[in-house]
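Student: I have a model open and would like to go through it with you. Could we take it one question at a time?

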Amino acid sequence: MKKRNLACLALAAPLFAATACAAATPGLALSANWFLRTGDTPTSSANETLEYTVTFRAEESNTFLSYGEGSYKTVLTAENTTLADGSSEMCYHLTSTLTVPVTYTVNGESATFGDSVVSDVWFRDVSHSLQPVKSVKKAVTHTPLTTEPASLESAYGAYDYTYTVTYNVGCTSADIEVVYAESETAPKKVTVDLSKAGGSYLDNEEILFALRGLSMTSSASFSTVNPVKFATATVSMTESPASASEKLTFSVNGEQAERELTTYTFSIGYSGNNPGQTQKLTYAGTVDANNNLYRNALLRMEVPVMNSLGTFTYTLTSAVFSA
């Protein structure tokens with residue numbers, strides 16, 4: 001079994017997040033669409049749990065990699081948080097947990113693992129453009145290394161690390177530390193300059209949440225730190241969000257029902273050379289700014305596995321919203 005230092009784009013876990021830091025170009029226009037009343041609800045009332053099933057569709061050419069049904073869960077709360085300058089502020093705290101079983105089979109040999117990615121991110125309110133304070137991600141995953149492995153050992157790389165990002169109050173720099181479970185690999189520490197990041201800046205772990213704050217009327221882009229390259233990168237919608245009317249079944253505060261709602265779908269990915277594959281996201285649209293029933297929740301997400309071996313689909317099954 002081969003071990004590598006860091007899995008690209010943190011794997012099957014959601015990729016990317018946003019906040020206006022020092023930047024010359026306009027930032028994202030964000031609203032608190034995760035509340036029933038989007039304009040006046042205080043951060044301290046944040047209390048939300050979203051749960052998803054995670055399924056995998058393999059490409060026909062993939063003969064060695066399979067995933068069982070997994071789960072993805074996000075929990076949003078509010079916490080009195082200490083900023084880098086020692087001051088205290090009520091901030092959002094988002095915890096995301098992905099678990100999925102994976103099996104590799106080569107030449108009649110099989111190995112099965114329970115992969116997981118757990119992240120916590122603390123960020124400020126909309127008036128501060130969701131500026132990140134800190135994020136911590138713990139990943140234990142087994143990622144494909146090739147499309148045609150000659151042996152079971154060469155089929156995957158094992159990753160077990162904790163990735164921590166701490167921001168200064170001006171959000172002009174980020175201190176990154178990666179600690180690996182295997183003691184023979186030394187921790188890696190890097191400070192990244194964010195002062196020249198264009199437009200809004202989002203931490204990788206808040207991106208899926210922050211996109212709920214957009215109006216969905218046009219395409220958008222923002223900056224984040226590419227977790228593999230330890231450098232800022234631009235993340236963009238590949239097209240303007242497409243609106244549709246869909247009937248979807250999921251529970252809201254314990255009530256299971258088929259619901260007809262307006263949705264917005266778009267793809268998102270890194271810009272520039274060798275950007276990699278994009279993720280396809282579908283969000284609920286704003287019903288009424290003062291009675292926003294579905295809180296612009298992420299409804300569905302499609303995440304490709306490296307080397308075009310297949311696609312994960314995340315589907316919302318349960319939403320528990322604050323009153």
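Student: Which residues in the largest nonpolar core touch the most other members?

Tutor: Good place to begin, and please keep in mind that this is a predicted model. The largest nonpolar core holds 84 residues. Strand E6, residues 88-106, gives the most to this core, with 7 residues. Those that touch the most other members are Tyr 67, Tyr 104, Leu 211, Leu 281, Phe 312 and Tyr 314.

Student: Let's stay with Tyr 67: which residues is Tyr 67 in contact with, leaving aside neighbours within four places in sequence?

Tutor: Two of the partners, Tyr 104 and Phe 312, are also among the core residues that touch the most other members. The full set of contacts of Tyr 67 is Phe 56, Val 100, Pro 101, Val 102, Tyr 104, His 142, Pro 144, Val 305 and Phe 312.

Student: Is Arg 212 buried or exposed?

Tutor: Arg 212 sits in the loop between helix H1 (207-210) and strand E13 (221-226). The relative accessibility of Arg 212 is 3%, and the cut-off for burial is under 20%, so Arg 212 counts as buried.

Student: With which side chain does the side chain of Arg 212 make a polar contact?

Tutor: Beyond four places in sequence, Arg 212 touches residues including Asn 33, Trp 34, Glu 48, Tyr 283 and Phe 321. The polar contact is 2.8 Å, and the partner is the side chain of Glu 48.

Student: And Asn 204, in the loop between strand E12 (200-201) and H1: what is the relative accessible area there?

Tutor: The side chain of Asn 204 is joined to that of Glu 205 by a polar contact of 2.9 Å. Asn 204 is buried, and its relative accessible area is 8%.

Student: Stepping back, why is the protein described as being as compact as a globular protein of that length?

Tutor: The secondary structure comes to 1 helix and 19 strands. For 323 residues the globule rule gives 20 Å, and the protein is close to that value, so it is as compact as a globular protein of that length, with a radius of gyration of 19 Å.

Student: Over which residues does pLDDT stay under 50?

Tutor: Across the protein the mean pLDDT is 89, with 90% of residues at 70 or more. Among the elements, strand E2 (residues 19-20) has the lowest mean pLDDT, 34. Where pLDDT is low, the predicted coordinates should not be read in detail. The stretch where pLDDT stays under 50 is residues 1-26.

How values were computed
Residues numbered from 1 in each chain as written. Predicted model: local features only at pLDDT ≥ 70, side-chain atom pairs only at ≥ 80, totals over all residues. Heavy atoms only, no water. pLDDT = per-residue confidence, 0-100. Helix = DSSP H or I, 4+ residues; strand = E, 2+ residues; numbered from the N terminus. Contact = heavy atoms within 4.5 Å. Buried < 20%, exposed > 50% of the residue type's maximum accessible area, 1.4 Å probe, protein only. Polar contact = N/O pair within 3.5 Å; in protein donor to acceptor, adjacent residues only side chain to side chain. Rg over C-alpha atoms; globule rule 2.2 N^0.38 Å. Core = buried A, V, L, I, M, F, W, Y, C linked by side-chain atoms within 4.5 Å.
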